[in-house]
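Trainee: I have a new structure to read. Could we go through it together, one question at a time?

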Amino acid sequence: MLKWVVRGGLSLLALLVLIALIVGAWAGWRFVGSQPRLEGEVRLTGIAAPVQVVRDTHGVAHIFSGSDTDAFFALGYTHASERFFQMDTFRRSAQGRLSELFGEVALRADIRARTYGFPEATRHIVANLSSEARIAIEAYVSGVNARLEAGNPAPEYLLLRTRPEPWTLADSAAVVIVMADDLAAGEWEDRERARASLVLDDSQLAQFLTDFPDWAPTTLKDEDLAAVFGEIRSEMLPPPGTQPDNEPGSNAWVVSADRTETGAPLLANDPHLGLSAPSIWYLARLNLSFGPVIGATLPGTPFVTLGRNAHGAWGFTNTGFKVIDLVERDPEDVQITSRTETINVRGQRNPVEIIVRETAEGPVLDGEWFDLTGFDAEALVVRRSTVSSPDNRLPDATLAIMRSTGWDDFVEAGRGWTAPMQNMHYAGVDGTIGYTTAGLLPIRDENGEWTGFIPFEGLPRVTNPAGGSIASGNNLPARITNPHPLLGRYAVHRAVRIEEVLDARRRHSIESFAALQMDVTSALARAILPALLAAEPESQLGIEALARLEGWDGSLDADGAEGLILSAWLRVLTDAIWADELGEQARYLRGPRPVFLQEVLTGDASSWCNDVTTPQIETCPVIAGLALDTAMDELARTNGRDITRWRWGNAARAYFSHPLDSVPLIGELFEVRVPVGGDGTTVNVANFSYRSEGFDVVHAASLRAIYDLADLNNSRFMHGPGQSGHPLSPHYRDLAELWSRGEFIQIRDDWTYSGPPQGSRTLTLRPAN
């Protein structure tokens with residue numbers, strides 16, 4: 001009997017092992033089989049004639065077709081092949097449906113999207129489409145769905161045990177809304193002011209939320225604005241508004257023909273966004289009826305957002321203009337409507353239902369789901385935002401930019417732009433350089449109430465400025481000589497460094513522009529270094545670290561120890577400076593605050609160095625010395641006590657995050673990290689969180705581009721970590737090291753699919769019939 005039991009048990013075990021092997025093999029086959037197809041032919045419904053998608057050695061897609069609609073179809077098919085899971089998370093972010101994939105961890109994000117009315121905003125975008133834009137997006141949507149119909153579009157669906165849904169026009173609009181809201185300024189500033197005002201008096205608050213300093217450069221100069229707008233009664237305008245300056249943004253600069261070695265303009269752009277795997281951008285070349293358009297596309301949408309055509313090139317940075325307000329309203333004075341939102345949550349049997357209350361200005365924030373610390377508990381907190389404007393025509397504006405044939409066309413294209421507001425730099429093959437802004441910028445009365453929007457013609461704009469250059473590092477676009485006040489959130493130190501380097505030589509080249517994009521010299525570090533060197537550390541390691549900084553040029557190079565010393569020191573020092581004044585609110589307001597820090601160490605705000613919780617009076621050298629000792633002790637525990645062996649790049653590693661990179665066993669497939677230099681104040685931004693223990697860089701250049709208007713094919717591009725979103729693809733992380741080192745690739749338009757460069761791979765899409 002026992003023998004038969006043993007035999008039965010072994011048979012069952014063998015069967016279970018066999019089943020496990022079969023399931024594992026099936027899963028592996030599905031995982032490997034979800035890789036993008038790069039060669040051969042596929043037959044698809046939705047195109048009129050064959051289309052060639054040629055991927056070069058870096059995975060950049062060059063699309064050749066007989067019609068524009070077929071080109072947009074092919075881009076949709078290509079995006080879905082390489083990036084569909086990313087596209088899906090984008091649309092779900094706007095629709096408030098992330099919880100369906102990731103469970104309760106995403107619930108608050110979904111409630112935020114539903115409360116803010118993002119689904120309704122996407123419907124407005126679709127309703128506003130012109131026939132031309134609608135045809136383009138419909139073709140793109142058809143291409144996406146053609147790929148989905150083939151099945152198995154991304155490995156993440158296998159791991160999450162779910163299937164993707166078809167793509168729609170509203171989904172493409174949702175991607176636009178996600179980007180617009182991510183870049184719109186104002187909400188965080190209002191939350192920050194509300195919290196700080198609980199513990200700071202008016203004088204302290206004015207220092208802590210410091211204004212844009214007089215010594216900092218603006219993007220547009222007074223003399224150039226005066227030439228555009230004429231005489232302006234600047235005394236009527238309020239100051240430019242708060243400038244907390246605790247997060248990086250983007251850079252762009254352009255120089256005129258007489259300031260380059262080629263005798264034609266040069267334009268550089270590196271938008272800074274949260275790092276992700278895959279990259280937020282997908283590089284492509286579209287050969288369209290009106291000529292080639294080359295640059296960065298946003299997966300989920302059919303257009304080139306940042307790039308160039310045959311007539312010119314363009315680059316964007318965030319304006320920082322305040323376009324979102326959190327305002328308090330008396331419940332008795334506003335009319336409220338309500339709607340119920342139902343959110344399905346993975347792993348929960350019953351959906352979550354919320355009641356969203358709305359006013360004519362915008363939604364009411366529910367204290368159950370939104371942190372309203374600092375706001376009047378008896379008031380309604382209403383969010384008003386240009387992101388939800390029903391007039392959004394951004395797809396048409398983007399298409400018009402792609403079709404623009406010169407500066408005037410480029411400017412006019414922005415008339416349909418609502419949000420996000422962008423600084424738009426331009427360079428034309430005709431030698432024109434210019435700067436314009438586009439979007440809805442509220443006009444406020446003396447009480448801060450919106451009374452309308454600045455007319456399109458009144459937005460900051462300049463052509464061929466006298467100085468021959470226009471530079472933006474998210475600094476204030478213009479001072480009070482602009483005809484309208486520019487309330488907002490602005491950075492300072494990157495613009496200081498960019499203008500310094502641009503002014504240091506009369507004529508520039510692609511090489512000098514590339515060097516500037518990778519520049520890791522901190523204008524902040526150089527400004528505060530004398531004050532830091534006056535610190536009074538007590539530990540031996542603190543004394544050694546201070547000696548290391550003597551004679552330092554302020555460069556946070558990845559191969560040096562100085563960046564690590566400074567970064568760890570300032571993280572401790574900033575807490576020491578203002579945590580005692582902020583009390584329990586300090587943990588919510590942590591951050592570098594470089595302008596305020598500079599004012600404390602070198603200006604009139606040195607009293608903040610005193611610890612108000614002790615009876616004695618502490619000076620900045622004393623508090624800085626103690627902070628240095630603490631920081632060096634922390635670094636010694638993780639890096640050893642030999643400072644000569646410390647390297648900033650070993651600690652500051654760019655972290656391209658993926659939603660599944662923390663999952664045991666499989667997370668390493670998706671994880672990408674590379675060493676970088678710089679910090680949040682350098683031109684080559686490498687921003688790490690002051691709220692974390694390490695120095696993982698989570699916000700940096702999502703794209704680098706340099707456009708040569710003497711020969712547009714000589715333009716340069718780079719993003720990281722790679723073109724593909726599939727972790728088994730050779731193009732998933734192949735650009736990460738190149739990006740880290742500041743190298744570039746070219747995307748040329750002087751070859752066709754019949755003679756592609758060596759190493760290219762061609763996939764032909766053919767009509768099904």
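Mentor: Yes, and keep in mind that this is a predicted model. Start in the loop between α18 (562-582) and α19 (594-602), where R593 sits.

Trainee: Is R593 buried or exposed?

Mentor: Buried means under 20% relative accessible area. R593 has 0% relative accessibility, so it counts as buried.

Trainee: What is the phi of R593?

Mentor: Most residues other than glycine have a negative phi. R593 is not a glycine, yet its phi is positive. The value is about 40°.

Trainee: And L665, with its positive phi: is it buried or exposed?

Mentor: L665 lies in the loop between β21 (653-656) and α22 (667-670). Its phi is near 75°, and it is not a glycine either. Exposed means over 50% relative accessible area. L665 has 87%, so it is exposed.

Trainee: Where is R645, and how far is it from L564 in space?

Mentor: R645 is in the loop between α20 (620-639) and α21 (648-651). Its relative accessible area is 64%, so it is exposed. R645 and L564 are 81 residues apart in sequence. In space, C-alpha to C-alpha, the distance is 11 Å.

Trainee: Which peptide bond has an omega of about 0°?

Mentor: Most peptide bonds are trans. The bond from A419 to P420 is cis, with omega near 5°, and P420 is in the loop between α13 (407-413) and β15. P278 is in the loop between β6 and β7. The cis bond with omega of about 0° joins A277 and P278.

Trainee: How many of the residues of β7 are buried?

Mentor: Take the two faces of β7 in turn. On one side Y282, A284, L286 and L288 are buried, and on the other L283, R285 and N287 are. So strand β7 (residues 282-288) is largely enclosed by the rest of the structure, and its buried count is seven of the seven.

Trainee: Which strand forms a hairpin with β7?

Mentor: β7 pairs in the parallel sense with strand β3 (residues 61-64), over three bridges. In that pair, H62 stands opposite R285. β7 also pairs in the antiparallel sense, over seven bridges, with strand β8 (residues 291-297). With two residues between the strands, the hairpin partner is β8.

Trainee: Which strands stand at the edges of the sheet that holds β7?

Mentor: This open sheet has 11 strands, in the order β1-β27-β2-β3-β7-β8-β9-β10-β15-β16-β19. An edge strand here has a single partner, so one side is left without a neighbour in the sheet. The edge strands are β1 (40-44) and β19 (461-463).

Trainee: In β15, what is the bridge partner of G312?

Mentor: β10 and strand β15 (residues 422-428) pair in the antiparallel sense. Seven bridges join them. For G312, the partner in β15 is G428.

Trainee: In the open sheet of five strands, which residue in β25 stands opposite L267?

Mentor: The order of this sheet is β20-β4-β5-β25-β26, with antiparallel pairing. Its edge strands are β20 (469-472) and β26 (716-718). Four bridges join strand β5 (residues 266-270) to strand β25 (residues 704-708). Opposite L267 stands Y707.

Trainee: Now the empty space. How much lies in the largest cavity?

Mentor: Rolling a probe the size of a water molecule over the atoms shows where empty space is left. The structure holds six cavities of 30 Å³ or more. The largest has about 380 Å³.

Trainee: Which element gives the largest share of the lining of that cavity?

Mentor: The lining of the largest cavity has 30 residues, and M179, W281, L298, T305 and W417 lie nearest the centre. By class, 21 are nonpolar, nine are polar and none is charged. Elements that give two or more residues include α5 (118-127), α8 (169-183) and α12 (394-403). The largest share, six residues, comes from α8.

Trainee: How many of the residues of α12 are buried?

Mentor: The buried residues of α12 include L394, P395, L399 and M402. α12 is largely enclosed by the rest of the structure, because the buried count is eight of the 10.

Note on methods. Residues are numbered from 1 along each chain as its sequence is written. This is a predicted model: local features need pLDDT of at least 70, side-chain atom pairs count only at pLDDT 80 or more; totals for chains, interfaces and linings use all residues. Side-chain values use heavy atoms; hydrogens and water are left out. On a 1 Å grid over the protein atoms alone, a cavity is a set of points where a 1.4 Å probe fits but cannot get out, and a pocket is an open set with protein on both sides within 12 Å along at least five of seven lines; lining residues have an atom within 4 Å of a point. Grid points are joined across faces, edges and corners, and a volume is the space filled by probe spheres set on the points. Ala, Val, Leu, Ile, Met, Phe, Trp, Tyr, Cys and Pro count as nonpolar, Asp, Glu, Lys and Arg as charged, and the others, Gly among them, as polar. Buried means under 20% relative accessible area, exposed over 50%, partly exposed in between (1.4 Å probe, protein chains only). Two strands pair if DSSP finds at least two bridges between them.
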